[in-house]
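Me: Please take a close look at one part of this model, the open sheet in chain B, and describe what surrounds it. Connected prose is fine.

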Amino acid sequence: MSHVTEIIHQYLRHNKKFPHVFCPGCGHGIVLGSLIRSVHELGLPKDDVAVVAGIGCSGRIAAYVDFNTIHSTHGRALTFATGVKMSNPKLHVICIMGDGDATAIGGNHLIHAARRNVSITALVLNNNIYGMTGGQCSPTTPEGASAMTTPYGQLEKAFDMVELGRAAGANYVARGSVFQANMLERFIRTAIERPGFGLVEILSPCYTQFGRKNHFKTPVDMYRWLKENAVPRESWEKMTEEKRRGRIPVGEFAINDAPGLEQRYAEMAARLKEEAER
Amino acid sequence: MPETSVNILVGGEAGQGLVTIGEFMAKALVRSGYEIHVTQDYMSRVRGGHNTFAIRTGPDPIWAPVEDVDILVALDQETIDLHKSQLTGQGVVIADEAFDVGDLPALSVPFKELAPKPIFRNVAALGVLASTICHDIEDLEQLLTKTFGKKGDEVVEQNLEVLRAAYNWRKEQDFVVECMPPSLVDVGPEGSGRLMMQGNQAIALGALAAGCNFCPFYPMTPSTSIPLALSALGRDLGVVVEQVEDEISAMNMALGASFAGAKAMVATSGGGFALMCEGVSLAGMTETPIVIALIQRPGPATGLPTRTEQADLNLALYAGHGEFPRAILTPGTVEECFELAHKAFDLAERSQSPVFILSDQYLADSYRSVAPFDLNAYPQIEGPLLEADPYYVRHALVPNGVSPRVVPGTSKALVVLDSDEHTPDGHITEDLDVRIRMNNKRLKKAKVLARDMFQPVRYEDEDPERLLVCWGTTLGAAREAARLLTSLGERTGVLHFQQVWPLVPEQFMSALEGAREVVFVEGNATGQLAALIRQQTGFVAHKQVLRYDGLPFTARYIATAVEQSE
């Protein structure tokens, strides 16, 4: 067993749920590995980590990791997580959501969690589709793409989660892909480590529900697509409009140090207490 | 019914300061040991419109509002026009001399002379009003000094001057007033020691007494005064009160906090609660304690935002998909708001279930005079466990269904929750035998709730021919109606439900079967409690008195409806 696999095994609930639910070619297992390696690298005790997951394929990740976990309801993971963090700020709270989970039904919560800048790590596993419910389009399904509910092609523009998170005020905003696992691990680690809201969008292919309907012959083609088209932010910025078309930038898009909501709250409480005692 | 009470109605446009007059007068009356019963009727707008602040006061307990007005303080002509028909034989109008009072007995006040600036007019009106009910001016002087103290001596002095001028002006008028009998409470130099409190304030205080420390909310009339009261005390008591993006967020955030060990409450009204229903179901599935203060207003949809109704019993009862236990507490008085809010946290924790406090705008905004609560009489509420062994199982199958609840992050215990059906250790499952076992386990907790519920309480005649059955805030009017109806010839009693779910028929069937005529009195159009009792017991109400015009019940409303249907 390789060293990396050994680490991962320390954090899995071996008696639970294996074999896992993910389809062949799914990127979510890579995210699971990256998450575990990030927590391990940071040396966080398992009992101090709370994973709050939404509903969908990505939400199932919670069932495999040996942290305190909540498999909550569709779209509401961030709100539940905010309650956990405000109630016990010493917990490292990590939210795992899908693209539909975080930007459709939970879109309002995503905006406001970022605005509040509460210290939560939000991992949004973007596979451009509702996988578990059978391949309906999501707010991140690219324009023109086929989905069960867009048989003639998606007419609507896709959400740019990075722009959304940055505009809403998240301290840390990054986009990674499961093809660039080391980079992804670094982003997740940074998001956990830093104060305030950390949003990491993760491009994670779904061959079964998206790839097959959109001219990818095998799952490998989807990873090849990521390799060619998920370009580092620095290169992307130098590209012409024409070259940018069909590509997507990955990297870190916001890195700020504003204190998290829970810290601002504690400071305010201390200040008010001092004033009252004076 | 107390014959000694005086009903003061202060009316005017929003923004004219009528609430200031009302609150000062009410506070002064409470300090002097009088009973008060305030009903606020306001329109859903910031300026203009027609609003009233009614204070019914006297030395004896007062339980409900009345239609009759003894003193009408009119800050605009509309108040006179709208309410003159309510004026009693001994009634008097206090109004600016410029207003047309017709041939009504009136004190036409030269406000321009008494108050140098329009801003002092409400203090002038207060002076005339206090003098009209023979209230000691020193009492009001102390109150004004205390309230305006922060604004500096000059402001205090100006206000006191206007108050005295107005008070003395009334005394010089050739107008005989009948003073209220003295109060029955011993009043020391610091006042009666009683508190002027609204239903919602009492809910907030009861919650705090129970240890509430987390209340995320989205503003919605008439519930917002609960988080406001919590945040006013938050500095000293360490309560997180967070205004969030919507009620969905509020509910789920509260559940997250509760999961992590906080004593969490949400407060909302019907429309906001509709958004919370999904979260109620999550609480049921994950067995997370949550207290929900649902302060009703008339619906459907936006309805009448600032008026009252009791039409969300069914909503609370059936909120959330799937089947799981819950309790619904329905306070009838300000004191019960405190007591039931405290109890709600206890029940929520002991049953790991959602517990509702169902009140409404009428009681939410109604000030009463209450004796200070004896906090020692309220036991400390047990919280979740902080310690467990590493083999801890969150939803262990135990005989009463209530598995020990451990907070994550405080021990080596792994705490796992799932909104999907799960095994006892919290992991998702589609094993259908497990499903049945877990569903049964959760439903078993209903017995824990039923064993420890508030029994319906009988008031007035203990062996009546006619029984008025009511729940929640209708209690006061029903009691006064029972006395009125008894005085009119038929012995009438009251059965009040301060908890409408779960129902334990043995607790009330003999009362229902013992009366010749059973009349359900409810603030809704369809008789929701009557229907629920029929569903649960087969008992059919003989009569129903329903009100859904947005106003609270009065004794006269109930008595007239009962008599008319004879």
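Reply:

**The open sheet of chain B and its surroundings**

Over all chains, a search of the whole structure, which is a predicted model, gives 44 salt bridges. One of them joins the side chains of B:Lys441 and B:Glu287, with 2.9 Å from N to O. This pair links distant parts of the chain, 154 residues apart. B:Lys441 belongs to helix α14 (residues 432-451) of chain B, while B:Glu287 is in the loop between α10 (270-286) and β11 of chain B. In general, side chains of opposite charge can pair when their charged atoms come close.

That loop leads to the sheet itself. The sheet is open and has five strands in the order β10-β11-β13-β12-β19 (chain B), and the pairing is mixed. The edges are taken by β10 (265-268) and β19 (499-501) of chain B; each has a single partner strand, so one side of each lacks a neighbour in the sheet. On average, and with direction ignored, neighbouring strands are turned by 20° against each other.

At the β19(B) edge, strand β12 (residues 327-329) of chain B runs antiparallel to β19(B), and two bridges join them. Here B:Leu329 stands opposite B:Gln499 of β19(B). Helix α8 (residues 225-237) of chain B packs on the sheet, where it touches β10 and β11 (290-296) of chain B. The direction of α8 makes about 135° with that of β10(B).

Two loops that adjoin these elements contain cis peptide bonds. The first to mention is the bond from B:Thr221 to B:Pro222, which is cis with omega near 0°. B:Pro222 lies in the loop between β8 (214-217) and α8 of chain B. The other cis bond joins B:Gly299 and B:Pro300, with omega about -5°. B:Pro300 is in the loop between β11 and α11 (313-318) of chain B. B:Ala301 is also placed in the loop between β11 and α11 of chain B, and its phi is near 50°, a positive value in a residue other than glycine.

Elsewhere in chain B, a helix pair can be added to the description. The axes of α15 (residues 475-487) and α18 (residues 555-564) of chain B come within 8 Å and cross at roughly 55°. α15(B) and α18(B) are therefore oblique to each other, and the crossing is right-handed. In the contact of α15(B) with α18(B), nine residues are nonpolar, none polar and three charged. Residues on the α15(B) side include B:Ala481 and B:Leu484, and those on the α18(B) side include B:Ile558 and B:Val562.

Technical notes. Residues numbered from 1 in each chain as written. Chains lettered and ligands numbered in written order. Predicted model: local features only at pLDDT ≥ 70, side-chain atom pairs only at ≥ 80, totals over all residues. Heavy atoms only, no water. Axes fitted to C-alpha atoms, helices over the stretch in contact; angles between N-to-C directions. Helix = DSSP H or I, 4+ residues; strand = E, 2+ residues; numbered from the N terminus. Parallel < 35°, antiparallel > 145°, perpendicular 65-115°, else oblique. Left-handed = near helix turned anticlockwise from the far one by under 90°. Contact = heavy atoms within 4.5 Å. Nonpolar A, V, L, I, M, F, W, Y, C, P; charged D, E, K, R; others polar. Pairing = 2+ DSSP bridges. Salt bridge = Lys/Arg side-chain N within 4 Å of Asp/Glu carboxyl O.
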